[in-house]
Amino acid sequence: MVKSLVHFYGPFSAIASEIIFCATPGRVNPNTGLIPFTRRDMNFWPRVEDPFTQGVRSDETADV
């Protein structure tokens, strides 16, 4: 197991038959779409496929 987000990928992809990305208990989930933000709008990737073309409804904005 490597505790890193992406910098290991280049060297290991040359020798590994498969690289599995997973979220484990810890400080921050690598899938930022699942983080329960409370002080920002919810118009961000990966939560929204294309945040630059899709508007955010007022009910999608997190409470402060």
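**A walk through a predicted model**

Hi everyone, let me start with one residue: F8 is buried, because its relative accessibility comes to 10%. Before I go on, please keep in mind that what you see is a predicted model.

F8 has a partner. The rings of F8 and F12 sit with their centres 6.2 Å apart and their planes at 65°, so this is an edge-to-face pair. The angle matters here because planes over 60 degrees apart count as edge-to-face. And F12 itself? With 37% relative accessibility, F12 is partly exposed, whereas F8 is buried.

How many aromatic pairs are there by this rule? The count is two. The other one joins F37 and F44: their ring centres are 5.4 Å apart and the planes stand at 90°, so this pair is edge-to-face too. Of these two residues, F44 is buried at 8% relative accessible area, while F37 is partly exposed at 31%.

Please stay with F37 for a moment, as an arginine joins the picture. R40 lies over the face of the F37 ring, 5.5 Å from the ring centre. So around F37 you can look for two things: the ring of F44, edge-to-face with it, and R40 over its face.

Now let's step back to the whole chain. The protein has 64 residues, and 11% of them count as buried. As for secondary structure, there are one helix and zero strands. The helix is α1, and Y9 lies in it.

Y9 is a good one to find on your screens. Is Y9 buried or partly exposed? It is partly exposed, because its relative accessible area is 41%, and the buried class ends under 20%. Together with V6 and F21, Y9 makes a nonpolar surface patch of about 320 Å². For the surface as a whole, the protein exposes about 5800 Å², and carbon and sulfur atoms supply 56% of that.

Next, let's move along the chain to V48, in the segment after α1, the helix that spans 9-13. V48 is buried, with a relative accessible area of 10%. If you look for G33, you'll find that V48 and G33 are 15 residues apart in sequence and 8.2 Å apart in space, going from C-alpha to C-alpha.

One last number, on contacts. Taking those with a separation of 6 or more, 17% are between residues 24 or more positions apart.

To recap, look for the F8 and F12 pair, then F37 with F44, and finally the patch of V6, Y9 and F21. Thanks for listening!

Terms used
Residues numbered from 1 in each chain as written. Predicted model: local features only at pLDDT ≥ 70, side-chain atom pairs only at ≥ 80, totals over all residues. Heavy atoms only, no water. Helix = DSSP H or I, 4+ residues; strand = E, 2+ residues; numbered from the N terminus. Buried < 20%, exposed > 50% of the residue type's maximum accessible area, 1.4 Å probe, protein only. Contact = heavy atoms within 4.5 Å. Areas by Shrake-Rupley, 256 points an atom, 1.4 Å probe, with all protein chains shown as cover. Patch = residues over 30% accessible without salt bridge, like charges linked within 9 Å, V, L, I, M, F, W, Y side chains within 5 Å. Salt bridge = Lys/Arg side-chain N within 4 Å of Asp/Glu carboxyl O. Phe/Tyr/Trp six-rings, centres within 6.5 Å; stacked < 30°, edge-to-face > 60°. Lys NZ or Arg CZ within 6 Å of the ring centre and 35° of its normal.
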